[in-house]
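Hello,

Here is the structure I promised to pass on to you. Please open it next to this email, so that you can look up each place as you read.

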Amino acid sequence: MPGLIERYRDRLPFAPEDPVVSLQEGSTPLVHAPRISERVGADVWLKLEGANPTGSFKDRGMTCAVSAAVREGAQAVLCASTGNTAASAAAYAARAGLTGAVIVPEGKIAAGKLAQALMHGARVIALRGNFDQALALVRELAQRHPIALVNSVNAFRIEGQKTAAFELLDELGPEHPIDALCIPVGNAGNITAYWKGFSEAGVAPRMLGFQAEGAAPLVRGARVERPETVASAIRIGNPARWEEAMTAMRDSRGGVEAVSDAEILDAYRFLAAHEGVFCEPASAAAVAGLLRYGADGAASVVCVLTGHGLKDPQTALEQSGSVVPCEPDAAAVERAVLGP
Ligand code: F0G
């Protein structure tokens, strides 16, 4: 499959002669989830966005944002991030030959994401503050310098990410309408993008957004000054696309609910152990929400698994079983393999 700008150019703001910075993102797997389907009494599908080149859905938005930055003659790209946007921006900046700078909350991003941003040669700034503060600071900086801001406040990010909705419709076809979309909500760009994609395609599945209890401003209807959750990707207290997300959920007759860290981690382990799908904790929030609140009459549900489990090896190791030590002889190996 070509990258998504090439695949969906007729529905994106790019002309054939425009520069394209791509890592062949998009066209991610949509897999049926038999065990989850059984638990919720609906047909549940998982959109595996961790299969994108840098391991998260951010690549969809980044191919568009960085291609547009090159078209506009930008020399550098900048973002605030809980990790995945940083990894993606760093990769696409490297590919475009641009300088990348990312501001992340110090000590609060998963190890894989930090490794990616550094490997791709971005300047990584660890802010002694949270994501919301980082976003406010980069917005200010981008106004004073000719730097492309590639957070989802950038309209090209939304354009790229809306293609995931097109893919769902292309893959399931008109004979399998999607009744509901379950999606984790942090800065609220992705739910905004899916809703734009569905709206352009003339369909309106219920948009069901899920936030972590300790970082649930949309559920509370008020900013959260000190957001906290194990799902570090969505540890956000003041989403930039707040209004658009609320509109998407209202107009689709969906809603937004909170899930606890314990529920997120239960869903995270269940997906890995029983569906063979390893996503990161923030992604599991969508499935946790579906398991807690039910499908609400929907016959067909898609859960967006936004990032790969390998992004956050530390949480995985804390949440899983221990290894079995073994001496290098046949009898010991036999006991170790077959168990007590
Ligand atoms: N899932 C993952 C894995 C994420 O990295 C994010 C956001 C979300 C869900 C929520 O998406 O912000 O569009 O509502 N991560 C951003 C980042 C904030 O900096 O990587 P959203």
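Below is what I found in it, starting with the ligand and moving on to a few places in the protein.

First, please keep in mind that this is a predicted model.

**The ligand and its surroundings**

Where does the ligand sit? The space it takes is the largest cavity. Two elements each give two or more residues to the shell around the ligand: helix 4 (84-96) and helix 9 (189-201).

There are 20 residues around the ligand, and those that come nearest are Ser81, Asn187, Ala188, Asn190 and Thr306. If you sort the residues of the shell by character, you get eight nonpolar, ten polar and two charged.

Some polar atoms are worth finding on your screen. A polar backbone atom of Thr82 is 2.8 Å from an oxygen atom of the ligand. For Asn187, too, a polar backbone atom is involved, at 2.7 Å from an oxygen atom of the ligand. With Thr306 you should look at the side chain: one of its polar atoms lies 2.6 Å from a nitrogen atom of the ligand. How much of the ligand's accessible area does the protein cover? On its own the ligand has 470 Å² of accessible area, and the protein covers 99% of that.

**A residue in helix 4**

Helix 4 also holds Ala86. Is Ala86 buried or exposed? Its relative accessible area is 0%, so Ala86 counts as buried, the cut-off being under 20%. Try picking Ala86 together with Ile103: they are 17 residues apart in sequence, and their C-alpha atoms are 7.7 Å apart in space.

**Helix 8 and both of its ends**

Now move along the chain to the loop between helix 7 (155-161) and helix 8, where you will find Lys162. Lys162 has a relative accessible area of 1%, and therefore it is buried as well. What does the side chain of Lys162 reach? It comes to 2.8 Å from the backbone oxygen of Arg11.

Helix 8 itself covers residues 163-172 and is mostly covered, with seven of its ten residues buried. The buried ones are Thr163, Ala164, Ala165, Phe166, Glu167, Leu168 and Leu172. As you turn the helix on screen, remember that an α-helix has 3.6 residues a turn, so residues three or four places apart point the same way. Just after helix 8 comes Gly173, which takes a positive phi of about 75°.

Enjoy exploring, and write back with any questions.

Best wishes

Notes. Residues are numbered from 1 along each chain as its sequence is written. This is a predicted model: local features need pLDDT of at least 70, side-chain atom pairs count only at pLDDT 80 or more; totals for chains, interfaces and linings use all residues. Side-chain values use heavy atoms; hydrogens and water are left out. Buried means under 20% relative accessible area, exposed over 50%, partly exposed in between (1.4 Å probe, protein chains only). Helices (H or I, at least four residues) and strands (E, at least two) are DSSP runs, numbered from the N terminus. A residue is near a molecule or strand if one of its heavy atoms lies within 4 Å of it. A polar contact is a pair of N or O atoms within 3.5 Å; within protein, one must be able to donate a hydrogen and the other to accept it, and residues adjacent in sequence count only if both atoms are side-chain atoms. Accessible areas come from the Shrake-Rupley method with a 1.4 Å probe; for residues, only the protein chains shown count as cover. On a 1 Å grid over the protein atoms alone, a cavity is a set of points where a 1.4 Å probe fits but cannot get out, and a pocket is an open set with protein on both sides within 12 Å along at least five of seven lines; lining residues have an atom within 4 Å of a point. A molecule sits in a cavity or pocket if more than half of its atoms lie within 2 Å of its grid points. Ala, Val, Leu, Ile, Met, Phe, Trp, Tyr, Cys and Pro count as nonpolar, Asp, Glu, Lys and Arg as charged, and the others, Gly among them, as polar.
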